[in-house]
Amino acid sequence: MAGNDAPSSGGLVGPIPTTVSLASCPALEAKSILPPVRVFRSTSVENLNSTPKDRAYWRAKSLRRLFSMREPEEDLEGSARLPIVEESIECLRRNDYGGYTIPAHNLYPFQWNWDSAIVAAGWAVFDEARAWEEFEKLFSGQWEDGMVPSIIFHRPSTSYFPGPEIWGSPAAPSESTGITQPPVASVSARFLFEHTEHAELAEEQMADLFPKLLASHRWWYKARDPEKKGIVAILHPWESGMDNSPAWDAALQFPVDNLPPYERKDLQHVNACMRPTKETYDHYLTLLYRFKAENYYDSNKLYWVSPFRMTDLCTNSILFRANRDLRWLAIKLGKTDVVAEIDEWLERGFEGFKQLWDEDAGLFKCQDQLTGKLDDAATSAAFLPLFAGVASKEQAAKLAENLKQWLDKVPFGVPSTDPRDPRFEPLRYWRGPVWIIINWMIFNGLRHYGYDDLAQRIYDDSVALTSNAGLREYFDPQTGDGAGGELFSWTAAMCLAWLDRPSAIAIGHKMSGPKIHLDQEVSPPK
Ligand code: DGY
């Protein structure tokens, strides 16, 4: 057992994997394609394209229907998905380190920012108090300037590199990285608040959380859009969450520094062919050390000195969507004094996104802010402006057309890179595999724009992948095999909150046992 990464309990999910499966990637690739499993059908939804809508309508329309609207199965006990629902609940419990959920044992032994925000939606299905705790712990790491770090190192672990000993962050309230991650928190917080069964608890929690969410959005605009372009910059591939996306290849051509020797720990847990290369890691670390040299990640400086400054579609789409959800929360909470400020972010965002549209490709593209060039890589992030609700109806139609072409090339969608691109690698992290959280965002966006059949394909593929390969970190779009980490928290959360939501609520209420209360001390697993 590595470091403190001990299992919290026994349970349905079996032993926690402690060593990497060293099956070679070519062997995995040779596996036959899994038969698609068509377990559930969602109920029909309103066709948003049934009447002509002008641009103002698309700009103003609220984004609802965050998750599936499927009705509960009549025979829950006999449902083919019952084991996966139970396993998902057990997975979150097992990855619970006492108020925060690690993404996966050994591979990711701390609290990750966007993982936690997604995972809160999973907890909410069967333990709302615990869901709010996830936010409480995440924002306990928020910096004074409003930044929410990408990782909070609540307690030590020897199974991850680079840990707190490398980052060192004297400005932070607790040990953390000095960079951030896509700001999903307001989206998830709205979801918890809107669907709560415990209104009093939700109001109490939201009163505390709202100012922190607002501060984090303000940080994004102050630190990452000081030139008021309407779109924010990421300064490290880790900030995008899509670490080794081909969209960063061209921008990562700067020479690496003379780095202190280092040992990667990720390769002890996951096969190297599923992870970023050494050359990419050298660039990650060069950026880390350069940022650290800037007065320990001083947000006022990094934007101006970083050799990597990209407009990331994932971050910007999520931030745009989060702005809409924060606005919704502000109105609900009677904080109308901040609505004009949020509206300004949204207005500028509509303008900023226009620069990212590639008419010939019929796709949005990431942009290198240092050269002004749109990057040529077509990645799954290109579809996330649908989730934001920032695409026009015409753009949405082109995105849907593009997506259909991608899906014609692989049995399981949505691959993280266009499968026709020579850079597509079906097993390597963000260069090809399917990620269920991205599927959920694309599904949600497609339904918003009325592409219900395409949304249904993505839903069905997500069900098939998790049914056949379990709660893996990501999935091979060509074979359906699971890849990366095992018993992965946000995949479990997506089963509970999205793919199996009605069943999960019904089963979760029955089996989740005594709820954790916020005033009750929770001991981390020994
Ligand atoms: C990792 O270590 O792979 C993470 O994505 C960095 O946040």
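User: Which oxygen or nitrogen contact does arginine 275 make with the ligand?
Analyst: This is a predicted model. In it, an N or O atom in the side chain of arginine 275 is 2.9 Å from an oxygen atom of the ligand.

User: How much of the ligand does the protein bury?
Analyst: The protein buries 96% of the 230 Å² that the ligand exposes when taken alone.

User: What other side chains have a polar atom by a ligand oxygen, say tyrosine 160 or aspartate 243?
Analyst: For tyrosine 160, a polar side-chain atom lies 2.6 Å from an oxygen atom of the ligand. For aspartate 243, an N or O atom of the side chain is 2.6 Å from a ligand oxygen.

User: Which residues are around the ligand?
Analyst: Tyr108, Trp112, Tyr160, Trp238, Asp243, Arg275, Tyr281 and Tyr429.

User: Tyrosine 160 again. Is it buried or exposed?
Analyst: Tyrosine 160 counts as buried, because its relative accessibility is 12% and the cut-off for buried is under 20%.

User: And how is the ring of tyrosine 160 placed against tryptophan 112?
Analyst: The two form an edge-to-face aromatic pair, with 5.2 Å from centre to centre and 80° between the planes. Tryptophan 112 belongs to strand 1 (residues 111-112), while tyrosine 160 is in the loop between strand 2 (151-152) and helix 6 (164-167), so the pair ties together parts 48 residues apart in sequence. Tryptophan 112 is buried as well, at a relative accessible area of 7%.

User: Which cluster of ring pairs do those two belong to?
Analyst: Ring pairs link them into a cluster with Tyr108, Phe110, Trp114, Phe153, Tyr429, Trp430, Trp435, Tyr474, Phe488 and Trp490.

User: How many aromatic pairs does the structure hold?
Analyst: The count is 38. One of them joins tyrosine 97 and tyrosine 100: the ring centres are 6.0 Å apart and the planes are at 65°, so the pair is edge-to-face. Tyrosine 97 is buried at 2% relative accessible area, and tyrosine 100 counts as buried at 2% too.

User: Where does arginine 130 lie relative to tryptophan 123?
Analyst: Arginine 130 lies over the face of tryptophan 123, 4.3 Å from the ring centre. Elsewhere, the charged end of arginine 309 sits over the ring of tyrosine 303, at 4.0 Å from its centre.

User: Changing topic. Where is glutamine 181?
Analyst: In the loop between helix 6 and helix 7 (185-194). Glutamine 181 counts as buried, at 5% relative accessibility.

User: What does the side chain of glutamine 181 reach?
Analyst: A polar atom of that side chain is 3.4 Å from the backbone nitrogen of asparagine 113. For the backbone nitrogen of tryptophan 114, the distance to a polar atom of the glutamine 181 side chain is 3.2 Å.

User: Which residues does glutamine 181 touch beyond its neighbours up to four places away in sequence?
Analyst: Among them are Trp112, Val148, Ser150, Trp220, Trp238, Glu239 and Gly241. Separately, the C-alpha atoms of glutamine 181 and proline 237 are 9.5 Å apart, with their positions 56 residues apart along the chain.

User: Last one, threonine 417. Buried or exposed?
Analyst: Threonine 417 is buried, with a relative accessible area of 0%. Its place is in the loop between helix 16 (393-409) and helix 17 (436-448).

User: What does threonine 417 touch, leaving out residues up to four places away in sequence?
Analyst: Pro246, Ala378, Thr379, Trp406, Phe424, Trp430, Arg431 and Gly432. With arginine 431, a polar atom of the threonine 417 side chain lies 3.3 Å from the backbone oxygen.

Notes:
Residues are numbered from 1 along each chain as its sequence is written. This is a predicted model: local features need pLDDT of at least 70, side-chain atom pairs count only at pLDDT 80 or more; totals for chains, interfaces and linings use all residues. Side-chain values use heavy atoms; hydrogens and water are left out. Rings of Phe, Tyr and Trp (its six-membered ring) pair if their centres lie within 6.5 Å; planes under 30 degrees apart count as stacked, over 60 as edge-to-face and the rest as tilted. Buried means under 20% relative accessible area, exposed over 50%, partly exposed in between (1.4 Å probe, protein chains only). Helices (H or I, at least four residues) and strands (E, at least two) are DSSP runs, numbered from the N terminus. A charge sits over a ring if NZ of Lys or CZ of Arg is within 6 Å of the ring centre and within 35 degrees of the ring normal. A residue is near a molecule or strand if one of its heavy atoms lies within 4 Å of it. A polar contact is a pair of N or O atoms within 3.5 Å; within protein, one must be able to donate a hydrogen and the other to accept it, and residues adjacent in sequence count only if both atoms are side-chain atoms. Accessible areas come from the Shrake-Rupley method with a 1.4 Å probe; for residues, only the protein chains shown count as cover. Contact means heavy atoms within 4.5 Å.
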